[in-house]
Amino acid sequence: MTQKIKSESLIQQFTEYLLVEKGLSHNTIMSYQRDLKDFAEFVEKTFENINILGIDHHHIVKYLAYLSEKGLASSTLDRRMDSLRTFYKFMVIERYIKSSPAEIIEHIRSWNKLPTVLSIAEIQILLNKPDTSKPLGLRDKAILELMYASGLRVSEVVDLSISDINADIGYIKCLGKGNKERVVPVGSKALEAIRDYLKSGRPLLNPKGEWLFVNYKGYKLTRDGIRRIIQSIAKEAGINKKISPHTLRHCFATHLLERGAD
């Protein structure tokens, strides 16, 4: 099926399914319908040339962040997610889509809070904050640029070795979840920061081994070490939001979507 089918038509089909097949009450069906119309309106206003059949889980997370910024309670967000899960399960049954983009998102009540999103301006302040006249500043700059440019998990970053970097072609090889190897493209700014760190920063830290990112004693950085580095730099930069390594990964996806990426 094509995503050119209007959202209103899909929601109407779903409403009839709830009435005829599920036998739900009028009020419950109206609640589903309101939630889905609100989501469809958000998608079509926020993302170019896409409707509710063309979204993935990143679009849903963006929607949840939008609702959270409006001050909606987590219980309300959880109900909205239940509506989306039920709707996309129906879309799979009807073979409009192969899999539901809502299934991999946890119930909102299990979240401490929605992922923090920094603005592009805040990201630029963060990236420019490390003192690159010092070895640790070059390292921190490389870490920030890499995580924002690639969307790597912090567990993937700490396990990188020098041989995993291919600066000529512009990619990094890493081990993801389940020890599955994947190749990730990296932008020119991140590669430049990594080159500067390898040339003028890492050698002065007396590295013990081939790990890409090491601490001031030359040993492999830990996930907690990177978390503390990012939070310290954010504090120095005057960014008062509570952030973590995952914030950079989330910003990577969010900012790509905002700029019209698939």
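The lining of the second largest pocket in this predicted model comprises seven charged, six nonpolar and five polar residues. The space in this pocket amounts to about 350 Å³. Of the 18 lining residues, L136, R139, D140, I229 and S232 lie closest to the pocket centre. Two helices, α6 and α9, each contribute at least two residues to the lining, and α9 provides the largest share, with six residues.

Both helices also take part in the nonpolar interior. The largest nonpolar core contains 41 residues, and within this core the most contacts are made by L126, L146, M147, Y197, F213 and I226. Two or more core residues are supplied by each of the helices α5 (120-128), α6 (135-150), α7 (154-158), α8 (188-201), α9 (223-236) and α10 (245-258), together with the strand β2 (171-175). The largest share of the core, seven residues, is drawn from α6. Thus α9 gives the largest share of the pocket lining, whereas α6 gives the largest share of the core.

The surroundings of I226 illustrate the packing in this region. When residues up to four places away in sequence are excluded, I226 is in contact with I143, M147, V154, V157, V158, L221 and P245. Among these partners, M147 is itself listed with I226 among the residues that have the most contacts inside the largest core.

A second nonpolar core, separate from the largest one, consists of 33 residues, including Y17, L18, L53 and L84.

Notes. Residues are numbered from 1 along each chain as its sequence is written. This is a predicted model: local features need pLDDT of at least 70, side-chain atom pairs count only at pLDDT 80 or more; totals for chains, interfaces and linings use all residues. Side-chain values use heavy atoms; hydrogens and water are left out. A nonpolar core is a set of buried Ala, Val, Leu, Ile, Met, Phe, Trp, Tyr and Cys residues joined through side-chain atoms within 4.5 Å. Buried means under 20% relative accessible area, exposed over 50%, partly exposed in between (1.4 Å probe, protein chains only). Helices (H or I, at least four residues) and strands (E, at least two) are DSSP runs, numbered from the N terminus. Contact means heavy atoms within 4.5 Å. On a 1 Å grid over the protein atoms alone, a cavity is a set of points where a 1.4 Å probe fits but cannot get out, and a pocket is an open set with protein on both sides within 12 Å along at least five of seven lines; lining residues have an atom within 4 Å of a point. Grid points are joined across faces, edges and corners, and a volume is the space filled by probe spheres set on the points. Ala, Val, Leu, Ile, Met, Phe, Trp, Tyr, Cys and Pro count as nonpolar, Asp, Glu, Lys and Arg as charged, and the others, Gly among them, as polar.
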